[in-house]
Amino acid sequence: MGYTPPYEITDEIVCLISSVSEKVGSLSDYKGWINKPHLRRVNRIRSVYSSLRIEANPLSLREVSDVINGKTVIGPMKEI
């Protein structure tokens, strides 16, 4: 006694799966998906900023960016 799925695999479904697989394969070869360090940096700054906001830290997004970039920020040392 085997499991019977609640669907039938038709020729149309096989064709669609094949089409999706081809598209995924062509995307994985696409050279435009090269790592973008700028986007990683922006995401890191926003992630740190969001974590600080959860902890009720008053630093703005700009101030967090400045701290990460090694710039001087005016404010309580505890918050920086």
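These are my notebook entries on one predicted model, from the whole chain down to single residues.

**Entry 1: confidence**

I began with how far the predictor trusts its own model. The chain averages a pLDDT of 85. I noted that 90% of the residues score at least 70. Then I went through the elements. Helix α3, residues 61-68, has the highest confidence, with a mean of 92. Confidence is lowest in α1, where the mean is 88.

**Entry 2: the elements**

Next I looked up the secondary structure. I found 3 helices and 0 strands. Read from the N terminus, the order is α-α-α. Helix α1 covers residues 11-28. Helix α2 covers 37-54. Helix α3 covers residues 61-68.

**Entry 3: overall shape**

How does the radius of gyration of the chain stand against that of a compact globule of 80 residues? The chain has 24 Å, whereas such a globule would have a value near 12 Å. I also took the spans of the C-alpha trace along its principal axes. They come to about 70 × 35 × 15 Å.

I then turned to contacts between residues at least 6 apart in sequence. Of these, 10% join residues at least 24 apart.

**Entry 4: surface and burial**

I looked up the exposed area of the chain and got about 7,400 Å². Carbon and sulfur atoms supply 60% of that area. Buried residues make up 10% of the 80 residues.

Which residues of α3 are buried? I found V64, S65 and D66. I also checked what covers the buried residues of α3, and the cover includes α2.

**Entry 5: a nonpolar patch**

I searched the surface for nonpolar patches. One of about 510 Å² is made by Y7, I9, I13, V14 and I17. I followed V14 further. V14 sits in helix α1. Is V14 buried or exposed? V14 counts as partly exposed, because its relative accessibility is 44%.

The spacing in the patch sent me back to a general point. Residues three or four places apart in an α-helix point the same way, because the helix has 3.6 residues a turn. I set that beside I13, V14 and I17, which are members of the patch.

**Entry 6: S21**

I picked S21 as another stop in helix α1. S21 counts as partly exposed because its relative accessibility is 45%. I then took its distance to Y3. The two are 18 residues apart in sequence. In space they are 26 Å apart, C-alpha to C-alpha.

**Entry 7: positive phi**

Last, I looked at backbone angles. Most residues other than glycine have a negative phi. A56 is not a glycine, yet its phi is positive, at about 65 degrees. Where does A56 lie? A56 is in the loop between α2 and α3. A56 counts as exposed because its relative accessible area is 63%.

I noted a positive phi at G70 too, of about 85 degrees. G70 comes just after α3.

Methods. Residues numbered from 1 in each chain as written. Predicted model: local features only at pLDDT ≥ 70, side-chain atom pairs only at ≥ 80, totals over all residues. Heavy atoms only, no water. Patch = residues over 30% accessible without salt bridge, like charges linked within 9 Å, V, L, I, M, F, W, Y side chains within 5 Å. Areas by Shrake-Rupley, 256 points an atom, 1.4 Å probe, with all protein chains shown as cover. Salt bridge = Lys/Arg side-chain N within 4 Å of Asp/Glu carboxyl O. Helix = DSSP H or I, 4+ residues; strand = E, 2+ residues; numbered from the N terminus. Buried < 20%, exposed > 50% of the residue type's maximum accessible area, 1.4 Å probe, protein only. Rg over C-alpha atoms; globule rule 2.2 N^0.38 Å. Contact = heavy atoms within 4.5 Å. pLDDT = per-residue confidence, 0-100.
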